[in-house]
Amino acid sequence: MLNLTVPQLSGELVVLEPLSLNHVPALQLAVTDGKLWELWYTSVPEPDGVKAYVEKALAQQAQGSAIPFAVRARHSGEVVGCTRICNRVLEHRRAEIGYTWYGRSMQRSGINTETKLLLLDYCFNELDCIAVEFRTHWHNQASREAIARLGARQDGVLRNHQIMKDGTLRDTVVFSLLNTEWPAARTHLRFRLARHASA
């Protein structure tokens with residue numbers, strides 16, 4: 001299962017495009033919106049590290065372990081971040097949605113809600129997943145709250161799960177959404193998007 005095909009997924013607010021090296025300049029600009037790399041509990045690259053970040057994602061795609069996307073905002077046409085379906089385990093029909101970041105001005109704009117709606121729909125309906133995971137740093141409270149708003153439930157905490165680049169130890173909070181929970185979660189996400197559009 002090498003070199004997974006990456007589809008284009010489109011919504012009202014975003015277009016998720018197959019990630020490529022052509023996206024590097026736009027992502028370098030997007031990451032400066034809020035200087036996201038300065039958040040010590042995230043793994044967002046610095047502008048000079050974006051090319052290597054994208055190359056790593058494409059290498060994972062070639063190995064069959066990731067489906068990486070650039071996130072383009074429909075209203076402006078600008079690339080505002082990226083995301084990835086990763087850690088897919090075929091025999092257990094599971095996958096993870098991760099490596100997600102957006103420029104700060106795009107946060108709480110509806111962009112993340114629709115991105116996750118598109119990705120979850122793809123995971124459950126096209127990849128036939130029975131569970132989709134989300135993982136984040138214990139100290140990334142904004143990410144934990146955003147994941148919970150999707151309808152995912154916290155499974156647990158992996159303590160001392162990873163050694164960060166600064167040498168600190170990361171406790172990883174694991175959430176999941178099940179295929180049986182997806183219909184209600186999808187309805188809720190669509191409701192949130194409709195409320196956002198009318199605000």
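Leu 9 counts as buried, because its relative accessibility is 13% and buried means under 20% relative accessible area, with exposed over 50% and partly exposed in between (1.4 Å probe, protein chains only). This is a predicted model, in which local features need pLDDT of at least 70, side-chain atom pairs count only at pLDDT 80 or more, and totals for chains, interfaces and linings use all residues. Residues are numbered from 1 along each chain as its sequence is written, and side-chain values use heavy atoms, with hydrogens and water left out.

## Leu 9 and its surroundings

You will find Leu 9 in strand S1 (residues 9-10). Helices (H or I, at least four residues) and strands (E, at least two) are DSSP runs, numbered from the N terminus. Which residues does Leu 9 contact, leaving aside its neighbours within four places in sequence? They are Val 14, Val 15, Leu 16, Phe 69, Leu 118, Leu 119 and Tyr 122, where contact means heavy atoms within 4.5 Å. Take Tyr 122: it sits 113 residues from Leu 9 along the chain, yet their C-alpha atoms are separated by 8.5 Å.

## The whole chain

Now step back to the overall picture. The protein chain holds five helices and eight strands, and along the sequence they follow the pattern β-β-α-α-β-β-β-α-β-α-β-β-α. Its C-alpha atoms fill a box of roughly 40 × 40 × 35 Å along the principal axes. Does the radius of gyration agree or disagree with that of a compact globule? It agrees, because a compact globule of 199 residues would have a value near 16 Å and the protein chain has 16 Å. That radius is taken over C-alpha atoms, and the globule rule is 2.2 Å times the number of residues to the power 0.38.

Of the 199 residues in the protein chain, 46% are buried. Among contacts between residues at least 6 apart in sequence, 61% join residues at least 24 apart. The chain exposes about 10,400 Å², and carbon and sulfur atoms supply 50% of that area; accessible areas come from the Shrake-Rupley method with a 1.4 Å probe, and for residues only the protein chains shown count as cover.

There are also charges to place. The protein chain carries 23 positive and 20 negative side chains, and the centres of the two sets lie 3 Å apart. Here Lys and Arg count as positive and Asp and Glu as negative, while His and the chain ends are not counted. Each charge is placed at NZ of Lys, CZ of Arg, CG of Asp or CD of Glu.

## The nonpolar cores

In soluble globular proteins, nonpolar side chains tend to be buried together. A nonpolar core is a set of buried Ala, Val, Leu, Ile, Met, Phe, Trp, Tyr and Cys residues joined through side-chain atoms within 4.5 Å. The largest one has 36 residues, and those with the most contacts inside it are Ile 85, Leu 120 and Phe 134. Several elements give two or more residues to this core, including strand S4 (79-89), helix H3 (111-125) and helix H5 (182-198). Helix H3 gives the most, with eight residues. Apart from this core lies another, of 16 residues, among them Trp 37, Val 50, Val 54 and Cys 82.

Ile 85 touches many residues beyond four places away in sequence, including Ile 67, Phe 69, Ile 97, Leu 119 and Tyr 122.

## A few residues to look up

The table sets out some residues by place and accessibility.

| Residue | Place | Relative accessibility | Class |
|---|---|---|---|
| Gln 60 | helix H2 (residues 50-62) | 14% | buried |
| His 75 | loop between S3 and S4 | 64% | exposed |
| Arg 93 | loop between S4 and S5 | 36% | partly exposed |
| Tyr 99 | strand S5 | 35% | partly exposed |
| Arg 144 | helix H4 (residues 141-149) | 15% | buried |

Two of these residues have a backbone angle to look for. Arg 93 has a positive phi of about 55° although it is not a glycine, and phi of Tyr 99 is near 55°, again a positive value in a residue other than glycine.

Tyr 99 also appears beside Gln 60, whose contacts, leaving aside neighbours within four places in sequence, are Ser 65, Ala 66, Arg 84 and Tyr 99. For Arg 144, the contacts counted in that way are Thr 136, His 137, Trp 138, Gln 154, Val 173 and Phe 175. Finally, His 75 and Val 14 are 61 residues apart in sequence and 8.3 Å apart in space, C-alpha to C-alpha.
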